[in-house]
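Welcome, and please open the model in your viewer. We will go from one selection to the next, with a short stop at each.

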Number of protein chains: 4
Amino acid sequence: MDQVIGARLCPDGGARTIREQFVQVRNETERLAASLSAEDQCVQSMPDASPAKWHRAHTTWFFEQFALRAHAPRYREFDPAFGFLFNSYYETVGPRHPRPSRGLLTRPSAAAVSQYRAHVDAAMQTLLAGPVETGLVDLVVLGLHHEQQHQELLLTDMLHAFAQSPLLPSVLSGWTEPAYAQGPTRMMQRPGGIVAIGNDGEGFAFDNEQPRHHEYLRSYAIADRLVRNADWLAFMEDGGYRTPTLWMSDGFAAAQNGGWTSPGYWHARDDGWWQMGPGGLAPLDKDAPVRHVSWYEADAFARWAGARLPTEAEWEDAATDPEMREMTGHVWQWTASPYVAYPGFAAAAGAIGEYNGKFMVNQMTLRGGSLATPAGHVRPSYRNFFYPDKRWQFTGLRLARWD
Amino acid sequence: MDQVIGARLCPDGGARTIREQFVQVRNETERLAASLSAEDQCVQSMPDASPAKWHRAHTTWFFEQFALRAHAPRYREFDPAFGFLFNSYYETVGPRHPRPSRGLLTRPSAAAVSQYRAHVDAAMQTLLAGPVETGLVDLVVLGLHHEQQHQELLLTDMLHAFAQSPLLPSVLSGWTEPAYAQGPTRMMQRPGGIVAIGNDGEGFAFDNEQPRHHEYLRSYAIADRLVRNADWLAFMEDGGYRTPTLWMSDGFAAAQNGGWTSPGYWHARDDGWWQMGPGGLAPLDKDAPVRHVSWYEADAFARWAGARLPTEAEWEDAATDPEMREMTGHVWQWTASPYVAYPGFAAAAGAIGEYNGKFMVNQMTLRGGSLATPAGHVRPSYRNFFYPDKRWQFTGLRLARWD
Amino acid sequence: MDQVIGARLCPDGGARTIREQFVQVRNETERLAASLSAEDQCVQSMPDASPAKWHRAHTTWFFEQFALRAHAPRYREFDPAFGFLFNSYYETVGPRHPRPSRGLLTRPSAAAVSQYRAHVDAAMQTLLAGPVETGLVDLVVLGLHHEQQHQELLLTDMLHAFAQSPLLPSVLSGWTEPAYAQGPTRMMQRPGGIVAIGNDGEGFAFDNEQPRHHEYLRSYAIADRLVRNADWLAFMEDGGYRTPTLWMSDGFAAAQNGGWTSPGYWHARDDGWWQMGPGGLAPLDKDAPVRHVSWYEADAFARWAGARLPTEAEWEDAATDPEMREMTGHVWQWTASPYVAYPGFAAAAGAIGEYNGKFMVNQMTLRGGSLATPAGHVRPSYRNFFYPDKRWQFTGLRLARWD
Amino acid sequence: MDQVIGARLCPDGGARTIREQFVQVRNETERLAASLSAEDQCVQSMPDASPAKWHRAHTTWFFEQFALRAHAPRYREFDPAFGFLFNSYYETVGPRHPRPSRGLLTRPSAAAVSQYRAHVDAAMQTLLAGPVETGLVDLVVLGLHHEQQHQELLLTDMLHAFAQSPLLPSVLSGWTEPAYAQGPTRMMQRPGGIVAIGNDGEGFAFDNEQPRHHEYLRSYAIADRLVRNADWLAFMEDGGYRTPTLWMSDGFAAAQNGGWTSPGYWHARDDGWWQMGPGGLAPLDKDAPVRHVSWYEADAFARWAGARLPTEAEWEDAATDPEMREMTGHVWQWTASPYVAYPGFAAAAGAIGEYNGKFMVNQMTLRGGSLATPAGHVRPSYRNFFYPDKRWQFTGLRLARWD
């Protein structure tokens, strides 16, 4: 299907496999950018977003910086300026181009970035052709997961830019929306107690999913599917956006300042609500899971519904229940949990250690994976995180309650 | 001693007792403001702070609004405009004067606020003279704890204003610094496991300390006393404020934007470091616990020291160990825990329910109580909270480690 | 009458006279502040405004700095800190307290400022008791004119603060509005040609009124009285505030950003329009000259009326016609002229040279003098100046046309 | 020569001539953009600037909107969305895309804009093929002058974007700097008196150059050439940027906030000063006229030099003296004159009337024309205008004095 984003990444260790996976993930990035013009790829519509061209180059720089420089002694750097231009935030590696100015980089061109990608890909394929030591495999797998994260950002950032355009173009041609669960929403009872949370060490995981550890949960109930657009319309019609007692104090201020009266990318037209999506502007499907809501909105909605957001431990515990639906493939699901380190967490040494740890304040954790998340990229232990006022990602919610 | 702030509040239930406590707490507020001129009491030095006069009036309004209106049918309102002027943030109660404009309230005068206090105090003493129903006792006790919180804020807000003045006046005449622990700092080993956290329902507690519940703790080590100014000077001399890899990403940005190179209220002079305190500018005591550091700084310091901040559950667990020192009376101690609801938390009904719940995002929890906290106000389960960039409170830290 | 502000200042040169005038002007400042509490005098309601206490102290510092230090060798400085606190903007004199923080100066108290005034006044009266050299007379006269400017600012700044207060107190007790001209407005034809503009050197004038010089004027028509509130209501009802083609581009943006839909201090109530003035809130007098309009609004109104603002040369030329009415005593009248130096202008040497010259960009010139301008302070050649978006002064307009 | 920008525009009236001129000016725009990639043309590096693609489309829209719609009844609109996208600021014409978001317009593509230009050019050439009525000629001439203004902006805006790029690319290949005057600078004495200022109605002129009128000038002296980089270096070495008494109050604040320590686009390197120009980064030529200085800087420099900026009337009067040098072709020359209407000025009717009049506040007038001004575009009466803090244009100064 055209709309399948990404390719399942199963790093089972052999050199042959990692090389094939490398090619597959790298090609997927190019497929996602294929319908974007050079101009589309250059634009940065807000400081939170990056240009598509930058995503394509930065993910390439990651392999050049961390794999080729360290492991391919005869590798010839593509362009010495690119380290400065395409480093994202690794203080350990050196100075870098300021993030809010990424949209000023009309040069190197999209075509030059394609050449950069080809240059690095060729060197990587040579490097991965023979026997590959474990440390390098781990690095490449990390690089591929990193690239898959940027694949999702490439889509959401481009959607943000196109949603500002009066022409409302589509980001991906041939896009179709994912099928969602049918029938009523049920609240599933869960017993709580001591549960094990975090990655068990099988397969790839980011450092922030570890160490696996115990948490004590009170018994709780959690919805077996996501909140829908129809639910959100009821919240809107009941004055949800105008009722401060439903909101966190910071949240109501954000809603007022942002002029929020509906989820992001909604357009009120004479013939009803429409929403801007990867395929362009389309009539709002009331049965579909709501998306482009901030944590503040999700939290207020839950309070209005007499419920609450689940904690991330509850979400991960519930994920072991096969009756749960829409756990992935639709929206990242806001949880009640701020993004902090797990007990015993230690960041990796060196630049890689900057990947997750230094963002562990002021952000809220999301679980699940969205329609824009590459297949195979997520796990039940996967922790995504955004500031509570952000709405440009595919973000929604499921409800929970104390039973 | 002059510098003892507050009076131990032991609401043991009888009508007689509550009336006496009422008088005691109310008088203490006036004592704290006694050395302030009418002009001093009017100033608001930043949106986070409130004028001393406002604190005096707002705490009075609390009793008028929640106790006298509901329980004293013959009570005559002092001034109908005061509800609008001195409501802090209770959306349920009605509109209110905008917080950043509190410093514009030159009228009512400090003298009029004194009259307001006397008027309400007289009515309250009448109300509390006879038998008092439990609901009212609970409300008055809440009001007294509320007033004690504002007693601390009155001091810290006034200190902030005076620290901007070229004259650096003292906030409290006769102030002396509290005595601190002597001897080396020891790391105390704690076994972890399932621990009970939160208030057990004996005596007064805020809703955010409840319900008491279980958490599972990994074993850990925690310092038996606070980080000192000498420790902080070593961090500074080692380039702590200039080393981004020690900091949260948001924290380093805050330090750069704020031009932070030392804790708050430090002054570099030819003869060494001085610090502005309640008694005015004084030479820095290197052996005293460091104060006026933000969470961002505390977190960076801990990383520099090869340690971390304790979680609030660890802090509360450790508080059961009599060997712990400086747990209260010096600084509020930043923890690693964002301020969120405990499992099963439900805000109180009505306006009182806005007291704590709507602030449960974006803030970090502090434990312990400071030199400005009224005696008897805090408990081991007490949860204070501030944004991670704030430094105008008496805030410091103790270290923890995974063992 | 109580509401007469200021005292006619006729510095005719003799030592006796200058001493008497000194006493008269200095007393007038104290009279204007007499109904203000210590708290009222401390507040700064926006960075453009200064506290009343600051005005009282700054005008005193002017005499201490420029007259007593230079001419009274045995003068004992009142407080060495006051130079830093009460210098306004004289770079030549040394560093100074930042303007937006003037409201933080709860100390020195209003009472201490009274003592400061008494101390300086006594020294000045001694200095002026005997024969006085011309240079000193000139300096004192400048200081008295300076103080009269601050008398007006004291009123307008206090009005701004009180207009933010929910209590809307009156600034001056016993205030009555000035009587205005009756009958229709006539457009007076003026022939233009070469006219002499600027001060002729008789009596006191600021450096910016000089040198007197020639300008060539085209013939023009100018209204013999001011635009009234009734005129302004017609502009509002005709959608004036919503019609961008009537406005300067910067002006319409300012109106939108400021949410302007009427002149400053207007309140729409069920019983019609009211306006906040020195005497408190009062029903709007539709026949009175409009006030508290910015240059942007005045310019848009004039365009709407098929007219324009007069240039300052036209205004000064027209002022020689005895048939002109309301030339002073009501509002400062916006002109079409940006505030720039006259041909041949040279700023005075030393600190006094900073008085006017360094503000000669980005501001528009006003002529006439307002109801808050001390009697005798203004002349036809007098040039006032404010940024085009300011509305807290008593500012209005008269119309002009090309004939 | 490659670096000649623009083509002399001599609208002498015949239909044949206007058609040829149309082709010539339109082609020149394309030549200026020829070395820019599609990405280069899309970027907007600050709200003051516009993308090159936008300049190319907006100038085309001008002809479509004002010439073809009104005069070519069978003209088929290229795309109905373009009116919204490429209207700059004409309120009369309808709503428009917000200026700061022009850089988000990745679509229509640069290629589509080329098609738009070809479509409109073909229709215009058909329209201008036969006899052309005078009103249309006037409109086309206005459109061509409008396009020449945007040719200069295309260069300066692109230079601003490229100056932010770490790669510092050149805007125009084959660029060479203009030759400047040799020998010492002389102060030319001018007698003043009544002079005629403004356009005399011969040939094209903008409405703001009219009506021609009389001004009375005092005698003055004016430099016969521009201030050089060597002069500016002396100002810098003398602490000019750190001496507040040399500056307007607003100017010094702007210099401090902007961190200005040299003119724009200067780079301090180990081997001396370099400057970014249309040809890329090059060593600073100390004998060349200084450029990229704001009015604030020019004003401060003149004061430091014991001189002042000329008024625009002086400049225009001096322009009649054949001994004056470097009056055009190097930098726009800041004058002492705020940009205001001439006596008797009336804006044109309709949308064209928004061209100049609504910007007549807060800006300073510049005279002369720069190295980026198309040949034949300027006249001695030509009035350019920018805010006093702007430095991204080719702006410099010549000195004047009262004699």
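The expected span of a helix is 1.5 Å times one less than its number of residues. Keep that rule at hand for the first stop, and bear in mind that this is a predicted model.

**Stop 1: a helix in chain C**

Select residues 52–71 of chain C, which form helix α2. Does its length fit the rule, or depart from it? The helix has 20 residues, so at 1.5 Å a residue it should span 28 Å, and its end C-alpha atoms are indeed 28 Å apart, which agrees. Now centre the view on C:Glu64, where α2(C) has a kink of about 30°. Turn on the surface of the protein as well: α2(C) is mostly covered, with 17 of its 20 residues buried.

**Stop 2: C:Asp299**

Next, select C:Asp299, which you will find in helix α8 of chain C, residues 295–304. Is this residue buried or exposed? Its relative accessible area is 9%, and because buried means under 20%, C:Asp299 counts as buried. Show the side chains here and look for C:Arg303: a polar contact of 3.1 Å links its side chain to that of C:Asp299. Setting aside residues up to four places away in sequence, C:Asp299 touches C:Met248 and C:Leu309. For a sense of distance, add C:Ser50 to your selection. C:Ser50 and C:Asp299 are 249 residues apart along the chain, and their C-alpha atoms are separated by 28 Å.

**Stop 3: C:Arg190**

Stay in chain C and pick C:Arg190, in strand β1 (residues 187–190). With a relative accessibility of 14%, C:Arg190 is also buried. Which side chain joins that of C:Arg190 in a polar contact of 3.0 Å? The partner is C:Asp317. Widen the selection to see what else is in contact with C:Arg190: beyond its neighbours within four places in sequence, the list includes C:Ser219, C:Tyr220, C:Ile222, C:Ala318, C:Thr320 and C:Asp321.

**Stop 4: two domains in chain A**

Move over to chain A and give its two parts separate colours: domain 1 covers 18–163 and domain 2 covers 187–402. How many residues does each domain bring to the contact between them? Domain 1 of chain A contributes 26 residues and domain 2 of chain A contributes 27. Measuring over C-alpha atoms, the centres of these two domains of chain A are 28 Å apart.

**Stop 5: how the chains are arranged**

Finally, zoom out and colour by chain. Chain B is superposed on chain C by a rotation of 180° with 0.0 Å of shift along its axis, at an RMSD of 0.0 Å. That is the relation of a two-fold axis. To find the axis from the side of chain B, select B:Glu39, whose C-alpha is the nearest to it in that chain, at 2.4 Å. Chain B can be laid on chain A in a similar manner, by a turn of 180° and a shift of 0.0 Å along the axis, with an RMSD of 0.0 Å.

Why do the copies B and C meet through the same surface? Because 100% of the interface residues of chain B are also interface residues in chain C. For chains B and A the figure is 100% too, so these copies meet through the same surface.

Some pairs stay apart. Chains A and C do not touch, and their nearest C-alpha atoms are 14 Å apart. No contact joins chain B and chain D, whose closest C-alpha atoms lie 14 Å apart.

Notes:
Residues are numbered from 1 along each chain as its sequence is written. Chains are lettered from A and ligands numbered from 1 in the order in which they are written. This is a predicted model: local features need pLDDT of at least 70, side-chain atom pairs count only at pLDDT 80 or more; totals for chains, interfaces and linings use all residues. Side-chain values use heavy atoms; hydrogens and water are left out. Helices (H or I, at least four residues) and strands (E, at least two) are DSSP runs, numbered from the N terminus. Buried means under 20% relative accessible area, exposed over 50%, partly exposed in between (1.4 Å probe, protein chains only). Contact means heavy atoms within 4.5 Å. A polar contact is a pair of N or O atoms within 3.5 Å; within protein, one must be able to donate a hydrogen and the other to accept it, and residues adjacent in sequence count only if both atoms are side-chain atoms. Copies are superposed by least squares on the C-alpha atoms of residues with pLDDT of at least 70 in both. The bend at a residue is the angle between axes fitted to the seven residues ending there and the seven starting there. Domain bounds come from an automatic or database domain assignment.
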